[in-house]
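Thanks for sharing this one. Here are some notes to read alongside the model, set out as numbered points.

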Amino acid sequence: MKMKMTLSALLLTAAFAVTGAQAEDKKQLVFVVNGASDFWKLAEAGVRKAQKELPNYDLEFKYPEQAAAAVQQRLMNDLVAAGVSAIMVSAVDPKSSTEPLNEIGKQVPLFTTDSDAPATNRIAYIGSSNTDAGKQAGQIALKALPNGGKCIGFVGLPGADNARERIEGMKSVIAGSKVELIDVRGDDIDQTRAKRNVEDALAANPELVICDEPTSALDQLVAEEILKLLKRLQDELGLSYLFITHDLGIVRRIAHRTAVMLRGEVVTEGPTKRIFAPPFHPYTEKLISSVPEMRTDWLDEVLAKRKVV
């Protein structure tokens, strides 16, 4: 995803251009995501900030009850029936949802983000290339394992286009090297399965574990247990982790080095303490400021609550 703070504003601009002159009633613009994952909280914070800046519009952020294409489609159908002006969606399964998405696009301006649906009548895709993000992960893996090694990847929804594209991007980079991606495990946003995936994967003794949003859909207790397990096994087995996450608290607490990405490109990289110390890179500063109710001591409070040892 691009910087979350700008998504609603971009949707607003495009929707206004498509629907014509401004009516007396407020236009209602809705951002529909693909599941109840914590990393969407940053996008939700962006929508709330955009609402303050755009008082003549009603901006809403919607989570489907389940991370299923049928459930998400039903939510969008209900929104259209209720008279919304435009929808932006992170489609659960865009490749198999062309016809249902086209039905939405016939009735209101439709935009995609996170996972594109180029075969549909959506107006535009707002986001970065998931394939490029996977390639970047592959380059980091090669740097982390100069002598080669075995990797295991964790994702939320393994069948989702964004996950498949990231995996394929990584495979294309490590192909022919001594770095091997031996398995990719998904948890389908199920907390018990997520914890079991970590335990089973680490039992195989990989040199590098790739964690793509490993705690994003978990409640705090389960997330704490997974983080503690990862930290303990790192100390005992000397494992290396490549975390792909929007959780700044996890990054600051666990990572020795941090790379901040924008549109599939690394914009700043270095020791984590330096990345999180002012003066910040402009995009890093924007990420930090997009955290809901961000204060200067926010990260320290998060770390104190986590108590990952």
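1. Let me begin with a cut-off, since several points lean on it: a residue is called buried when its relative accessible area is under 20%. Please keep in mind throughout that this is a predicted model.

2. Asp-114 is a good place to apply that cut-off. Its relative accessibility is 3%, so Asp-114 counts as buried. The residue is found in the loop between strand 4 and strand 5. Its backbone deserves a look too: Asp-114 is not a glycine, yet its phi is positive, at about 70 degrees.

3. Next, helix 3, which spans residues 69-81. Helix 3 has 13 residues and reaches 18 Å from first C-alpha to last, close to the 18 Å expected at 1.5 Å a residue. The buried residues in helix 3 are Val-71, Gln-72, Gln-73, Leu-75, Met-76, Leu-79 and Val-80. Residues three or four places apart on an α-helix point the same way, because there are 3.6 residues a turn. The cover over the buried residues of helix 3 includes strand 1 (27-32), strand 2 (57-62), strand 3 (86-89) and helix 4. After the helix comes Gly-83, with a positive phi near 95 degrees.

4. How do helix 3 and helix 4 lie relative to each other, roughly parallel or roughly antiparallel? Their axes come within 11 Å and cross at roughly 15 degrees. Angles under 35 degrees count as roughly parallel, and helix 3 and helix 4 are therefore roughly parallel to each other. Their crossing is left-handed. On the helix 3 side, the contact uses Gln-73, Met-76, Asn-77 and Val-80, which meet Pro-100, Leu-101, Ile-104 and Gln-107 in helix 4. By class, this contact holds five nonpolar and three polar residues, with no charged ones. Gln-73, Met-76 and Val-80 also appear among the buried residues of helix 3.

5. Val-108 ties in with the same region. It sits in the loop between helix 4 and strand 4 (110-113). With a relative accessible area of 7%, Val-108 is buried. Which residues does Val-108 touch, not counting those up to four places away in sequence? They are Val-80, Val-84, Ser-85, Ala-86 and Ile-87. For Ser-85, the C-alpha to C-alpha distance from Val-108 is 6.1 Å, across 23 residues of sequence.

6. A second loop residue to check is Ser-128, in the loop between strand 5 (124-126) and helix 5. Its relative accessible area is 15%, so Ser-128 is buried. Ser-128 and Thr-113 are 15 residues apart in sequence, and their C-alpha atoms are 8.5 Å apart in space.

7. The other helix pair I would inspect is helix 5 (residues 130-144) with helix 6 (residues 161-174), whose axes are 6 Å apart and meet at an angle of about 40 degrees. That angle makes helix 5 oblique to helix 6. The crossing is right-handed. Helix 5 contributes Asn-130, Thr-131, Gly-134, Lys-135, Gly-138, Gln-139, Ala-141 and Leu-142 to the contact, and helix 6 contributes Asn-162, Glu-165, Arg-166, Gly-169, Met-170, Ser-172, Val-173 and Ile-174. By class, the contact has five nonpolar, eight polar and three charged residues.

8. Within helix 5, Gln-136 merits its own mention. At 13% relative accessibility, Gln-136 counts as buried. Leaving aside residues up to four places away in sequence, Gln-136 touches Met-261, Gly-264 and Val-266.

9. Helix 6 has 14 residues and reaches 20 Å from its first C-alpha to its last, close to the 20 Å expected at 1.5 Å a residue. Its buried residues are Asp-161, Asn-162, Ala-163, Ile-167, Gly-169, Met-170 and Ile-174. What covers these buried residues includes helix 5, strand 6 (149-155), strand 7 (179-186) and strand 8 (208-212). Just after helix 6, Gly-176 has a positive phi of about 85 degrees.

10. Finally, please look at the peptide bond between Pro-278 and Pro-279: it is cis, with omega about 0 degrees. Pro-279 is in the loop between helix 10 (272-275) and helix 11 (282-289).

Methods. Residues are numbered from 1 along each chain as its sequence is written. This is a predicted model: local features need pLDDT of at least 70, side-chain atom pairs count only at pLDDT 80 or more; totals for chains, interfaces and linings use all residues. Side-chain values use heavy atoms; hydrogens and water are left out. Axes are lines fitted to C-alpha atoms, for helices over the stretch in contact, and angles run from 0 to 180 degrees between N-to-C directions. Helices (H or I, at least four residues) and strands (E, at least two) are DSSP runs, numbered from the N terminus. Angles under 35 degrees count as roughly parallel, over 145 as roughly antiparallel, 65 to 115 as roughly perpendicular and the rest as oblique. A crossing is left-handed if the near helix is turned anticlockwise from the far one by less than a right angle, and right-handed if clockwise. Contact means heavy atoms within 4.5 Å. Ala, Val, Leu, Ile, Met, Phe, Trp, Tyr, Cys and Pro count as nonpolar, Asp, Glu, Lys and Arg as charged, and the others, Gly among them, as polar. Buried means under 20% relative accessible area, exposed over 50%, partly exposed in between (1.4 Å probe, protein chains only). The expected span of a helix is 1.5 Å times one less than its number of residues.
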